[in-house]
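Work through the exercises below with the model open. Try each task before you read its solution.

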Amino acid sequence: MQTLFNGIITGVIMTLPALAVTLLFGVLKFPNFAVGAMMTVAAYLAFALNAQLGWPLVVAAGVAALAMGFACIAIDQVTFKPLRERGAITLMVASLGLGFILENIARFAYGNAARGFVVELARPFRFADVRMNHEQMTTIAVASVAMAAMYVLLTRLPMGRAMRAVADNPALALVRGIESPRVIRWTWFIAGMLLAVGGVLIGMDRALEPPMGSNYLISVFAAAILGGLGSPLGAFVGALVIGVVSELSTLVVAPNYRIGVPLVAIAVILVFRPQGLFGQPYIRR
Amino acid sequence: MTNVLNVAGLHAGYGAGDILKGIDVALEKGRIVTMIGPNGSGKSTFIKTLAGLLPARQGTIELEGERLNDLSAPKRVRAGVSYVPQEYNVFRNLTVLENLKIAREFMGVNGSGPGLAEELFPDLRSHYKKQAGNLSGGQRQMLAFACALAVRPRVLMLDEPSAGLSPILMSAVFDKVKQVNAMGVSILMVEQNAREALRISDTCIVLAGGRVRSCGPAEVVLGLDLKNLYLGADAL
């Protein structure tokens, strides 16, 4: 039961970056491999506000999320926008380079030593033989609120519908009056906020270190691919499945091999159901 | 009668070469104009250029005196030029209601009164919660029409509205075109099913090799051999 609970927590942590990956892929049609480093940078920004300036973590995380949202818009303007017409492979390679740069900015600023947020220590509590600490409960609460907000945005608000429309058919979106550049800016802003919150949750669960985001990269992509790239609901389900299965795998294989689970999942999904659980089959037009 | 749309000396295309090589067309207010021509003559390129999906390399496009050349596709929609593409003309992963909401939310009102969608397509109400990708071909075409009419456009452009439809559905689509036109919307239609389209049209434009080969009353074209018209043996 404890392993299952830990798996759910790992999955919940991944839901937000997986959702960011799937949103960006849906609207911009390329896999952004810089998401790991973006989480790292945002987590260090929250660390600076929290541990160095003494702000409460919730405020620091909120400011870091807003800052990362705006930073992502700026990054897109400088890095991806000039390459937009060159296709997905070019954008993907650019994201790899960007990830490398961002991660090393964090390393340059804070070194390789592991660090932690300043949070009040509290005794963990037990429920049905499962030990839960306050950070884990915060993780579940924050991720649930973020997912609910994303659900409302994508299904109830005009901008969310516009994002889904651009993901579905960009040319038709233009002749339905949707200004794609505005939708792209909003997508980056929301993805940046999700990544920042995801980065802070990872920092609360583990420790802050430069490769903290990249360590989750394969699992996050496995979650997004399992759910179906472009499907927000799929990202949520995929993250929970990958998190739980990765954690349960430690019962039968050495923990060092846990990273193999998402890799196997990606291979199996791409062979048997490339569109994922909730994605639409790809049709070349 | 005044012209709602004026196109003069239009050049457009993909890559290095021009597909449209100097098109001059005028659409009279309240009329149905059908553009016909052999495959590859540039019909779809023409309509996409008017919609703003392809840039005009030369020439001018004017909507009741307002120059459209420099407007993006979304701004042209808000100016009153609505376009129904030939295929992939609905958001397949969104519901019928969401497709209609997007049209209402983003196409904007151009000052000519409320939208026509609910008036003309009451049947869509029973499919509101259905994913648009799960609709039949005819229902999808009606939804695409309804979205294009969610705000009352000044010009409605249709790219092959009857493509892939059965003869019964084709006739239903052309009936709707006629109804929309009767409500004061000028229509520019590109169609392969030339004879069916010309029966409801006022004017016919024959396009061949990226140029206007002929232009005249639709009823006159109906009496001619289209093959000869395309090849230039007959003229209007």
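A residue counts as buried if 20 or more other C-beta atoms lie within 10 Å of its own. Keep in mind that this is a predicted model.

**Exercise 1. Chain A as a whole**

Task: Describe the make-up of chain A and decide how compact the chain is.

Solution:
- Start with burial. Of the 285 residues of chain A, 48% count as buried.
- List the elements. Chain A holds 11 helices and 2 strands. Along the sequence they follow the pattern α-α-α-α-β-β-α-α-α-α-α-α-α.
- Test compactness. The radius of gyration of chain A is 18 Å, and the globule rule gives 19 Å for 285 residues. These values are close, so chain A is as compact as a globular protein of that length.
- Add the extent. The C-alpha trace of chain A spans about 55 × 45 × 35 Å along its principal axes.
- Check the contacts. Take those in chain A with a separation of 6 or more: 76% join residues 24 or more positions apart.

**Exercise 2. A helix pair in chain A**

Task: Work out how α5(A) and α6(A) are oriented to each other, and find the residues that meet.

Solution:
- Describe the pair by two quantities. Packed helices are described by the angle between their axes and the distance between the axes.
- Read them off. The axes of α5 (residues 134–156) and α6 (residues 158–168) of chain A come within 5 Å and cross at roughly 75°.
- Classify the angle. Angles of 65 to 115 degrees count as roughly perpendicular. That makes α5(A) roughly perpendicular to α6(A).
- Locate the contact. From α5(A) come L153(A), L154(A), T155(A) and R156(A); from α6(A) come M159(A), G160(A), M163(A) and R164(A).
- Sort by class. This contact has 4 nonpolar, 2 polar and 2 charged residues.

**Exercise 3. Chain B, and a second helix pair**

Task: Summarise chain B, then classify the packing of α5(B) and α6(B).

Solution:
- Count the elements. Chain B has 9 helices and 10 strands.
- Test compactness. The radius of gyration of chain B is 17 Å, close to the 18 Å from the globule rule for 236 residues, so chain B is as compact as a globular protein of that length.
- Turn to burial. In chain B, 47% of the 236 residues count as buried.
- Take the helices. α5 (residues 137–148) and α6 (residues 167–182) of chain B pack at about 10°, with axes 10 Å apart.
- Classify. Angles under 35 degrees count as roughly parallel. α5(B) and α6(B) are therefore roughly parallel to each other. Their crossing is right-handed.
- Name the residues. G137(B), G138(B), Q141(B) and F145(B) in α5(B) meet L169(B), A172(B), V173(B) and K176(B) in α6(B). By class, they are 4 nonpolar, 3 polar and 1 charged.

**Exercise 4. One residue in detail**

Task: Is F145(B) buried or exposed?

Solution:
- Place the residue. F145(B) sits in helix α5 of chain B.
- Count neighbours. F145(B) has 25 other C-beta atoms within 10 Å, so F145(B) is buried.
- List partners. Beyond neighbours within four places in sequence, F145(B) contacts V84(B), F121(B) and K176(B).

**Exercise 5. Where the chains meet**

Task: Describe the side of chain B that touches chain A.

Solution:
- Count both sides. 23 residues of chain B are in contact with 17 residues of chain A.
- Find the elements. Those giving two or more residues to this side of chain B are α2 (73–79) and α3 (96–107) of chain B. The largest share, 7 residues, comes from α3(B).
- Sort by class. This side of chain B divides into 15 nonpolar, 3 polar and 5 charged residues.

Methods:
Residues are numbered from 1 along each chain as its sequence is written. Chains are lettered from A and ligands numbered from 1 in the order in which they are written. This is a predicted model: local features need pLDDT of at least 70, side-chain atom pairs count only at pLDDT 80 or more; totals for chains, interfaces and linings use all residues. Axes are lines fitted to C-alpha atoms, for helices over the stretch in contact, and angles run from 0 to 180 degrees between N-to-C directions. Helices (H or I, at least four residues) and strands (E, at least two) are DSSP runs, numbered from the N terminus. Angles under 35 degrees count as roughly parallel, over 145 as roughly antiparallel, 65 to 115 as roughly perpendicular and the rest as oblique. A crossing is left-handed if the near helix is turned anticlockwise from the far one by less than a right angle, and right-handed if clockwise. Two residues are in contact if their C-beta atoms, placed from the backbone, lie within 7 Å. Ala, Val, Leu, Ile, Met, Phe, Trp, Tyr, Cys and Pro count as nonpolar, Asp, Glu, Lys and Arg as charged, and the others, Gly among them, as polar. The radius of gyration is taken over C-alpha atoms; the globule rule is 2.2 Å times the number of residues to the power 0.38. A residue is buried if 20 or more other C-beta atoms lie within 10 Å of its own, exposed if 12 or fewer, and partly exposed in between; C-beta atoms are placed from the backbone.
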